[in-house]
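User: Take a close look at one part for me: the pairing of charged side chains. A plain walk through who sits with whom, and how covered each partner is, would be ideal.

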Amino acid sequence: MSDWRRVKKLVTENWQGTRLRYAVVVLILVLGSALAVLDPILYGKMVDVIVDALRDQHPETIVNGVAVLLALWIGVFVINVTLNIVGRYIFWKANNILGLNFACSAVRDMLSWSRQRFSRLSTGRTVKVFDQAWEALFWVPGDIVEQVIPTVLTFTAVVIAGLILDWRLTIASLIMLPIAIWLGYYGWKKARPKQEQLDHRWAALSRHVGESIGNISVVQDYAQEDRRARTFASLMRQVVVRQLRMNVFWALFHGTGSTLTLLGRAAVFIVGVYLVANGSTTLGTLITFLGMLNYLLSPIQHVIGNSLPRMSMGVSHLRLYTDLADEINDLKERDDAVPLKKIVGDVELKGVHFTYGDQSRATLLGIDLTIPAGTSCALVGPSGAGKSTLVKLINRTIDPTRGCVHVDGKDHCLYTLTSLRRHIGVVTQDTYLFHDTILNNVKFVKPNATEREVVHACKMAQAHDYIRRLPNGYRSIVGERGVKLSGGERQRIALARIFLADPPILVLDESTSALDSETEHRIQQTLKEVMKGRTSILIAHRLSTVYLADQIAVMERGKIVDIGTHDELIKKGGLYDRLWSLQSDGYIS
Ligand SMILES: Nc1ncnc2c1ncn2[C@@H]1O[C@H](COP(=O)(O)OP(=O)(O)O)[C@@H](O)[C@H]1O
Ligand SMILES: [Mg+2]
């Protein structure tokens, strides 16, 4: 898609509430242009009144003649200033609405991107690109409405007025125009790729900073601050060098534009003096033309010197954003998807294959697994076997490359994503917390929960005692990503969340891996209660937590190699039996 088509699409998608305002702004600018042309005409007339009066030797007529024109002139000026103020207000209002509409819809869209898609992006870069696009959407349509359209209109008005007054002087005024148009076109073509490169550097820089901060513990623990800072400095230098080149380019460009303006003025002056000297035009007309030239040339100069560089930058920013936003979402809700209302809890995987986008080898190879409603199924196997990938298929974090997943006997793609996920609670090894209180972090999954419900859930998750001991109890702030809590404490908050959410289907992916054996043991008792009558899928390295499951699926290299109850698998004597013998000394009483 061409750059302008992209800009047009972004603007038209977000212009509700701005169109009328922009139209009023253009109308005001048209009026302004017409009045602006009156200005030099009026003082040109004043000069002619004076010159005529002196020539006819009736100096007493000067005062009356000039007074009327002066009053008109001031009137025009006052109206113009008022229009300008009102126009600017409406213009900024429309610009802000456009930015607001864009930001809201962009964030909403971003929140629906698949996690696969996010895994290809960096937060620092994404935030920067979004930020720049938002700003660009402020400038690009703004410059078009406020600079380009008025310039074209003023230009038209001035040319018409000029042709009425004196066609020869009009041609002299326009002599530099083709060169100016070519210059604008040349600058635009030349600057776009340079600007795009610069934007990519900026994005890389933001990514670097974002990653340094996000991974601050590993940076500091391995004493890599110096190296990170040096890499940053070198990235920054690249940005600065390119930015400077860009600035020099536009400065030269601006200079050339000013020179053209000067040459245009000179042409009018030379032709004008010649025409006045041989008596074929009046001095007033020449002065009018010189005045109109201001209205003609300074907007063109402004468009070339200011709007063009800004729009070039803005269009480049918008391109970077649309590249990001228009990427195919690998996880799409069907158009005819229906909400999943009441759920029984049958889960079935049928011939499921899955390959991560950037991998050549399949991670899951023909998985068939039936988990009847209300039963539990454990997945065991070496790390990298594909256990976490398998459970990600159930709540549609990813979609199978081949095969399908059924929930309550129907392909779960038929349900809307949010309604499906509302019925499936997932706790993983990693706990994601917001920079907020513990209370709000637990309540996140059920915003209307009462404090009593939260406390009850935390008690179940063995989190209540440590939370109570914190200086502010449930109102303690956990820090960004929960940095103020230990791994085990964070994990118990994740468990409290799922107990509060109380979903019909439970997925526990190493959800107790960060806990000490004693706490884990206590939580096992709770989990046993919670899992009763609920479809549960659990993954755990400690077999003591899985051996009571209704069925245990043993996974190896993307396949289920064995399935059965604990006793059956022990009797068979395969991988499960070996793992069990290794672990039973330590954990099983
Ligand atoms: N987001 C991802 N992108 C690409 N490959 C991945 C991703 N997540 C996991 N993998 C790959 O898939 C394989 C299985 O991973 P996983 O399902 O997490 O195993 P398990 O949970 O059994 O330890 C691993 O070899 C890993 O390299
Ligand atoms: Mg895993």
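Analyst: Start with the words for cover: a residue is buried under 20% relative accessible area, exposed over 50%, and partly exposed in between, using a 1.4 Å probe and protein chains only. Keep in mind that this is a predicted model, where local features need pLDDT of at least 70 and side-chain atom pairs pLDDT 80 or more, while totals for chains, interfaces and linings use all residues. Residues count from 1 along each chain as written, chains are lettered from A and ligands numbered from 1 in written order, and side-chain values use heavy atoms, without hydrogens or water.

Now the pairs. Searching the whole structure turns up 22 salt bridges, each one a Lys or Arg side-chain nitrogen within 4 Å of an Asp or Glu carboxyl oxygen.

Take D323 and R6 to begin with. Their closest N and O atoms are 3.0 Å apart, and the two partners come from distant parts of the chain, 317 residues apart. D323 sits in helix α10 (residues 283-325) and R6 in helix α1 (residues 3-14); helices here are DSSP runs of H or I with at least four residues, numbered from the N terminus. The cover is uneven, too: D323 has 41% relative accessibility, so it counts as partly exposed, whereas R6 is down at 11% and therefore buried.

R168 and D166 make another salt bridge, with 3.1 Å between the closest N and O atoms. Again the partners fall into two classes. R168 is partly exposed because its relative accessible area is 28%, while D166 shows just 5% and so goes down as buried.

For a pair out on the surface, go to K532 and E529. Here the closest N and O atoms are 3.4 Å apart. K532 comes in at 61% relative accessibility, which makes it exposed, and E529 is exposed as well, because its value is 51%. Not every bridge stands alone, either: D3, R192, E196 and R319 are joined into one network by salt bridges that share partners.

Polar contacts without a salt bridge deserve a glance while you're here. Q491 belongs to helix α16 (residues 487-501) and is buried because its relative accessible area is 1%. From there, the Q491 side chain reaches the backbone nitrogen of A514 at 2.7 Å. That is a polar contact, meaning N or O atoms within 3.5 Å; within protein, one must be able to donate a hydrogen and the other accept it, and sequence neighbours count only if both atoms are side-chain atoms.

Ligand 1 has such contacts as well. Among the residues around ligand 1 are D358, T363, G384, K387 and T389, each with a heavy atom within 4 Å. A polar side-chain atom of T389 is 2.4 Å from a ligand 1 oxygen, and G384 uses a backbone N or O atom, 2.6 Å from an oxygen of ligand 1. For T363, the distance from a polar side-chain atom to a ligand 1 oxygen is 3.5 Å.

As a nonpolar counterpoint, look at I85. You'll find I85 in helix α3 (residues 60-110), where its 56% relative accessibility is why I85 counts as exposed.

Definitions and conventions:
Helix = DSSP H or I, 4+ residues; strand = E, 2+ residues; numbered from the N terminus.
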